[in-house]
Amino acid sequence: FQIIDAEDQGRLVRRIIKNLDIDEERYSAKKAQWFINKNKDEGLRAAQVKIRANDIMERTFLRIYEAYEELCQRGGIVDFAELLLRTLELLQNNSELLAHYQQRFQHILVDEFQDTNAIQYNWLRTLASSQAYVMIVGDDDQSIYSWRGAKVENIRRFQREFSDTRTILLEQN
């Protein structure tokens with residue numbers, strides 16, 4: 001497969017918009033790209049995306065996502081979000097492979113945890129077996145990447161879902 005960057009992804013999306021005869025003034029490639037990556041970051045394939053029935057804009061972006069997914073599949077093209085999504089799906093759907101990596105990674109450290117998105121959090125949940133030692137480092141006051149899908153709530157979610165962990169709060173004076 002071929003890994004593409006954000007610029008290449010933008011060119012593909014513009015080509016799809018043109019091929020689908022969609023008004024690029026109204027449905028810009030940047031916004032379509034954001035829609036695609038946002039959903040992939042949530043772990044959602046085009047077929048899994050739920051849209052409001054009467055939302056024409058969302059429906060149009062979903063059509064673009066579907067065409068993008070098909071084009072990438074046919075062409076062996078993978079963007080960054082797709083790398084994360086495919087890896088998560090592979091681990092979730094292959095218990096033997098998951099067991100191998102859970103055995104291999106018994107100590108997991110995630111730095112800048114306040115900047116993790118949903119799929120990255122799911123990676124951690126999937127990889128962390130009940131015997132794993134998991135440590136996160138994050139500061140909810142430094143969360144600056146929400147525009148890129150980062151969810152500062154992942155810190156509180158971690159504390160709930162990994163309830164057998166200790167929380168150490170460091171205060172700066």
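How many residues apart are E161 and R157 in helix α7? Select both to start the tour. E161 and R157 are four residues apart in helix α7 (residues 153-161), so about one helical turn separates them. Their side chains meet in a salt bridge, with 2.9 Å from N to O. E161 is partly exposed, with a relative accessible area of 34%. R157 also counts as partly exposed, at 25% relative accessibility. Keep in mind throughout that this is a predicted model.

**The whole chain**

Zoom out and colour by secondary structure. The chain has seven helices and four strands. Starting at the N terminus, the elements follow the order β-α-α-α-β-α-α-β-α-β-α. The chain has 173 residues, and 37% of them count as buried. Among contacts with a separation of 6 or more, 73% are between residues 24 or more positions apart. If you switch on the surface, its accessible area comes to about 11,700 Å², and carbon and sulfur atoms account for 49% of that.

**Salt bridges**

The pair in α7 belongs to a wider set, as the structure holds 12 salt bridges. Select R52 and E58 next. Their side chains form a salt bridge at 2.8 Å, N to O. R52 is exposed, because its relative accessible area of 52% is over the 50% cut-off.

Now move to helix α4 (residues 80-93) and select R86 and E82. The two residues lie four positions apart in this helix, about one turn. A salt bridge joins their side chains, at 2.9 Å from N to O. Are the two partners buried or exposed? R86 is partly exposed, with a relative accessible area of 32%. E82 counts as buried, because its relative accessibility is 6%, and buried means under 20%.

Extend the selection to K40, R45, E69, D79 and E89. Together with E82 and R86, these residues are linked in a network of salt bridges.

**Where α4 meets α5**

Stay with α4 and add helix α5 (residues 95-104) to the view. Two packed helices are described by the angle between their axes and the distance between the axes. Here the axes of α4 and α5 come within 5 Å and cross at roughly 105°. That crossing makes α4 roughly perpendicular to α5.

Which residues of the two helices meet? On the α4 side, show L90, L91 and N93; on the α5 side, show S95, L97, L98 and Y101. The residues of this contact divide into five nonpolar, two polar and no charged.

**Two loop residues with positive phi**

For the last stops, turn to the backbone. Select D21, in the loop between α1 (6-19) and α2 (29-41). D21 is not a glycine, yet its phi is positive, near 60°. At 70% relative accessibility, D21 counts as exposed.

Then go to E112, in the loop between β3 (107-110) and α6 (118-127). E112 likewise has a positive phi, of about 55°, although it is not a glycine. With a relative accessible area of 39%, E112 is partly exposed.

Conventions. Residues numbered from 1 in each chain as written. Predicted model: local features only at pLDDT ≥ 70, side-chain atom pairs only at ≥ 80, totals over all residues. Heavy atoms only, no water. Salt bridge = Lys/Arg side-chain N within 4 Å of Asp/Glu carboxyl O. Buried < 20%, exposed > 50% of the residue type's maximum accessible area, 1.4 Å probe, protein only. Contact = heavy atoms within 4.5 Å. Areas by Shrake-Rupley, 256 points an atom, 1.4 Å probe, with all protein chains shown as cover. Axes fitted to C-alpha atoms, helices over the stretch in contact; angles between N-to-C directions. Parallel < 35°, antiparallel > 145°, perpendicular 65-115°, else oblique. Nonpolar A, V, L, I, M, F, W, Y, C, P; charged D, E, K, R; others polar.
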